[in-house]
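Biologist: I should like to go through this model with you, one question at a time. Please set out the reasoning before each answer.

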Amino acid sequence: MKIYGPVPSWRLGNSLGVDLVDAPSGYCKVCPYDCLYCHLGHKGRISVKPAAVDLSSNDFDVLKKKINDTEPDYVTFSGQGEPTLNLNLGQAVQRIKEMCDVPVAVLTNACFAGRKDVRDGLDKCDVVIAKIDAPTQDLFEKINRPANGVKLAEIVRGIKLIKSKVCIQTLFFSCGSVTNADDETVSGLVDVYRDINKSKPIEVLLGTVTRPSEGAGGLRAVDPHLLSEIAERITRECGIKVRYFREGHEIHKKVLRNIAHDELKVEICDLLMRRPCTRDEIVCRFDGSDAASVLDELVDKDVLDLRVLDKKEYYVMKCWA
Ligand code: SF4
């Protein structure tokens with residue numbers, strides 16, 4: 001188990017990350033998908049076998065201290081691995097609930113939501129943010145590139161059975177000839193939201209590509225106006241509450257104070273391994289520590305690299321490239 005951040009999230013505010021599935025050496029992630037836009041990179045280990053991976057008490061002591069030090073809005077399961085690949089997710093949520101009142105969220109692709117043992121873990125979270133980017137199996141396979149045999153219909157069926165609050169998250173983008181932002185696909189997605197909402201009330205979160213992805217030439221964000229139009233349409237046609245990404249929506253707070261140089265390097269690498277960030281995003285997290293010079297040092301030492309998306313420079317781990 002690895003703890004990182006907090007990171008500023010437009011969906012969750014100041015979000016302290018917990019990674020339950022560490023990627024083995026040489027891999028950038030462990031996931032049943034390899035989404036075209038994945039900002040973790042594409043040298044991942046594809047896994048479709050959730051298993052119970054032991055949690056260490058020491059990790060929970062570290063987590064408790066970090067929660068006390070940073071006062072996050074959410075503790076969020078996410079990171080380099082699809083959180084539901086660890087069947088001890090529910091046990092982890094329970095231990096967090098015993099130590100604090102901070103709500104717990106999970107960012108999941110919902111690939112295993114059809115499994116009762118996986119839903120048992122999801123049902124202990126306050127919020128489940130589940131990914132659906134496509135309305136058809138064909139487009140699902142083009143965008144999310146799941147392992148063989150993963151069926152979108154089965155995922156939708158599983159999501160309907162989750163008891164916790166569910167937010168369906170869709171990331172609109174285009175990449176070469178693949179897009180989910182055309183009219184026909186948006187109509188199909190609206191039908192999917194409506195169908196799930198009939199079984200269990202949901203909220204919908206609409207985003208677009210905001211961080212670079214290795215090897216995905218031609219990856220393009222959609223116009224923010226389109227997100228707002230889609231949001232209005234979903235609410236008008238289905239009566240579902242929708243939130244969508246807007247530039248500057250993320251809350252940036254100085255949350256980590258006076259961290260020693262070596263610890264700062266570890267903090268920054270743990271974060272960038274899971275999420276490319278701009279210089280400002282990193283520097284503004286640390287109060288009384290010289291994060292800017294640590295970034296320069298890590299670039300000089302070839303640990304970090306810079307990538308550009310929409311004219312913004314992002315730091316990424318060099319092993320990602
Ligand atoms: S589900 Fe998430 S981690 Fe997995 S490939 Fe897609 S974006 Fe990356």
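Biologist: Does Asp-302 count as buried or exposed?

Modeller: A residue is buried if 20 or more other C-beta atoms, placed from the backbone, lie within 10 Å of its own, exposed if 12 or fewer, and partly exposed in between. Asp-302 has 8 C-beta neighbours inside 10 Å, and therefore counts as exposed.

Biologist: On what kind of model do these values rest, and how are its residues numbered?

Modeller: The model is predicted; local features need pLDDT of at least 70, side-chain atom pairs count only at pLDDT 80 or more, and totals for chains, interfaces and linings use all residues. Residues are numbered along each chain as its sequence is written, starting from 1.

Biologist: Where does Asp-302 lie, and what is its phi?

Modeller: Helices (H or I, at least four residues) and strands (E, at least two) are DSSP runs, numbered from the N terminus. On that basis, Asp-302 lies in the loop between α10 (291–300) and β15. Asp-302 is a residue other than glycine with a positive phi, near 65 degrees.

Biologist: Which other loop residue has a positive phi without being glycine, and how exposed is that residue?

Modeller: One such residue has a phi near 45 degrees, namely Arg-145. Its place is the loop between α4 (137–143) and α5. Because Arg-145 has 16 C-beta neighbours inside 10 Å, Arg-145 counts as partly exposed.

Biologist: How many helices and strands does the protein have, and what is its radius of gyration?

Modeller: The protein has ten helices and 16 strands. The radius of gyration is taken over C-alpha atoms, and the globule rule is 2.2 Å times the number of residues to the power 0.38. For 321 residues that rule gives 20 Å; the protein comes close to this, so it is as compact as a globular protein of that length, with a radius of gyration of 19 Å.

Biologist: What share of the residues counts as buried, and what share of the contacts joins residues at least 24 apart?

Modeller: Of the 321 residues, the buried share is 43%. Two residues are in contact if their C-beta atoms, placed from the backbone, lie within 7 Å. Among contacts between residues at least 6 apart in sequence, the share joining residues at least 24 apart is 72%.

Biologist: Which face of helix α6 is enclosed, and which residues of α6 are buried?

Modeller: Helix α6 comprises the 17 residues 183–199; the expected span, 1.5 Å times one less than the number of residues, is 24 Å, and its end C-alpha atoms are 25 Å apart, which agrees. Seen down the axis of α6, the buried residues fall within an arc of 100 degrees, so they line one face of the helix; the arc is that of the directions from the helix axis to the C-beta atoms. What covers these residues includes α5 (152–160), β8 (165–175), β10 (202–208) and α7 (224–238). The enclosed face is thus that of Leu-189, Tyr-193, Ile-196 and Asn-197.

Biologist: Which residues of α6 are exposed on the other side?

Modeller: An α-helix has 3.6 residues a turn, so residues three or four places apart point the same way. On the side of α6 away from the buried residues, the exposed ones are Asp-183, Glu-184, Ser-187 and Lys-198.

Biologist: Why is strand β2 described as largely enclosed, and with which strand does β2 pair in the parallel sense?

Modeller: Strand β2 covers residues 13–19, and six of its seven residues are buried, so it is largely enclosed by the rest of the structure. Two strands pair if DSSP finds at least two bridges between them. Six bridges join β2 to the antiparallel strand β1 (residues 2–9), and a hairpin of three residues connects β1 to β2. Over four bridges, the parallel partner of β2 is strand β5 (residues 74–77).

Biologist: Which residue stands opposite Leu-16 in β5, and which peptide bond is cis?

Modeller: Opposite Leu-16 stands Val-75. Pro-6 is found in strand β1. With omega of about 5 degrees, the cis peptide bond joins Gly-5 and Pro-6.

Biologist: How far apart are the centres of the two domains, and which strand gives the most to the side of domain 1 that touches domain 2?

Modeller: Domain bounds come from an automatic or database domain assignment, which gives domain 1 (2–244) and domain 2 (256–320). Their C-alpha centres lie 24 Å apart. In all, 17 residues of domain 1 are in contact with 14 residues of domain 2. The strand that gives the most to that side of domain 1, with five residues, is β1.
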